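Hi,

Here is the structure I said I would pass on. Have a look, and then read my notes below.

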Amino acid sequence: MASVTSLSDSVQQHLASALTAALPEAAGADPLLRRSDRADFQANGILALAKKAKANPRELATQVVSQVATGDVIDDVEVSGPGFLNITIADKAITGNLAARYADESGRLGVPYTEKPGTTVIDYAQPNVAKEMHVGHLRSAVIGDSVVKLLEFTGENVVRRHHIGDWGTQFGMLIQYLEEHPHELDHKASTDDTAASGEEAMSNLDRLYKAARKLFDSDEEFKTRARRRVVDLQAGDPKTLATWQKFVDESKIYFFSVFEKLDMEIRDADIVGESGYNDMLAETCRLLEESGVAVRSEGALCVFFDDIKGPDGNPVPLIVQKSDGGYGYAATDLSAIRDRVFHLKANELIYVVDARQSLHFKMVFETARRAGWLNDDVKAYQLAFGTVLGKDGKPFKTREGETVRLVDLLDEAIDRATAVVREKDTLGQLSEEEIAERGAQVGIGAVKYADLSTSANRDYKFDLDQMVSLNGDTSVYLQYAYARIQSILRKAGEVRPAAHPELSLHAAERALGLHLDAFAETVAEAAAEYAPHKMTAYLYHLASLFTTFYDKCQVLSADNPAEVVENRLLLCDVTARTLHQGMALLGIRTPERL
Ligand code: ARG
């Protein structure tokens, strides 16, 4: 149960009882209430009910209206169009609702806990060992982190899984090279600076990768030694595994430095990479082969699908085990499903992965369904995301045509945002340290917000100028709205927010108050649909309504009676809390001053 009942729930209850009184057989029917531009709420459910009862919809609507108890919550209700109900909320109910949120110490802002929490495993933020992170890894991390937070806020049990790419034949040449050049991963100086050690780790790995590759391509004997290493690695040879572990550890230093820059908490225990399922691979294959889900074809273990064919019209199978006995990406993912379903007891598996891997997941999920690991009670879903494009609308690349390093991108966003913060601080009130801290919060917020505000499956343009713009649908705009409210509350000093339900409200106050009431619905929708963009849209609308309110209604004016000041401070305060909580669900900070 929510600690604060929303206005929409109260209206819903009022309408449901009026409906039952007017048409007893409609008991329990949904009046289909929605927020509307024409009235505070509109109910459209009477049309269908009238049709079912073979009654005239306008007449039925009129009967329902006569049964609606007006007063405390509903001020007025009218029939409109073919039989809609337009509902106006009483000002005192809007104020009363704000007061309840303000007084509620749970900080839930009217958001209820889900009645039957399940367990959801989210697979996100999965970079690859010994490789630089790029914008695709950014999307998975940012979207995944927000979905984790949204679901946790509703009370769902969430298990995070970072399925890092830490296994595969490329490790043969890397391990062999490091064995032959044992000091290549040594750090020059020990430092507490995470960013600096992260940079050093990545540059070591990158240098080693290039050198190993060069040798592998030019030196036949090295190639043979490298291939033998792959066999040793797969056989679990302790010395080979120890060297492999060095690559994983070194990469984690780098990953953690990037996640820290992203202001994102990634826990070591949740990093279960591809190698984490090695022990299950043979059994996964055995289960699939014994049940007939997978069949041997030219020595390989394959799963076939009627609707998946290559350009030549021949079926394209999912290869679970190669003819040489090696296991690939699919075997690992199928084993991970078994682990998540049977060991972690998940009801729902979410994969925040690039849309370009959709065919892989389609085949993997269908295979798991045929094997009985997934079913109507245990579902898997790829939260597929689109490509990050450059300003020219083409996949984001450097001028030299290389993939853009994620760190460079984040640093540039922080630089731009720092400039904006410095420029806005016309009175020179912020110290250099404060400018740097806010610059990072604004810059990283801008990158996250831009990513989250388009629905995940769409491509979007990475345009820093737009991202740090103070006007428009950006995180900076929301952060400024929040900081402005904090400044008002500070200026109010001793005067505290307080509810005065007897006051009639300005249209801008009503609009803001009613939108605040919609926070719970927004959280529920964004969580149920794994759609953080619904939260960004809500918050942007909230900040816009606040701007209008602030324009139209003086808050701290000496001309205002004390009750008006207090009542408006209440609106300010609840708006600030809602902005803060909403942004937190997106992983974005709201500095107190900007
Ligand atoms: N490491 C992969 C990549 O960089 C993403 C892993 C996605 N998760 C999974 N369970 N396959 O593309």
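Which side chains along strand β8 (residues 300-303) point to one face and are buried, and which point to the other and are not? L301 and V303 are the buried ones, while A300 and C302 sit on the other face. Buried here is 20 or more other C-beta atoms within 10 Å of the residue's own, with C-beta atoms placed from the backbone. Strands are DSSP runs of E, at least two residues, and helices are runs of H or I, at least four, numbered from the N terminus.

Before you go on: this is a predicted model, where local features need pLDDT of at least 70, side-chain atom pairs count only at pLDDT 80 or more, and totals for chains, interfaces and linings use all residues. Residues are numbered from 1 along each chain as its sequence is written.

Back to β8, which has pairing partners (pairing takes at least two DSSP bridges between strands). Strand β7 (residues 295-297) runs antiparallel to β8 over 3 bridges, with S297 bridged to A300. The two strands make a hairpin with 2 residues between them, and E298 in the turn has a positive phi of about 50 degrees. β8 is also joined to strand β9 (residues 318-321) by 3 bridges, again antiparallel, and L301 has Q321 as its bridge partner there.

Then the ligand: the residues around it (C-beta, placed from the backbone, within 6 Å) are D123, Q126, N128, H163, G165, D333, A336, Y351 and V353. At least two of the shell residues come from α11 (329-343), and at least two from β10 (348-354).

Cheers

Key: A residue is buried if 20 or more other C-beta atoms lie within 10 Å of its own, exposed if 12 or fewer, and partly exposed in between; C-beta atoms are placed from the backbone.
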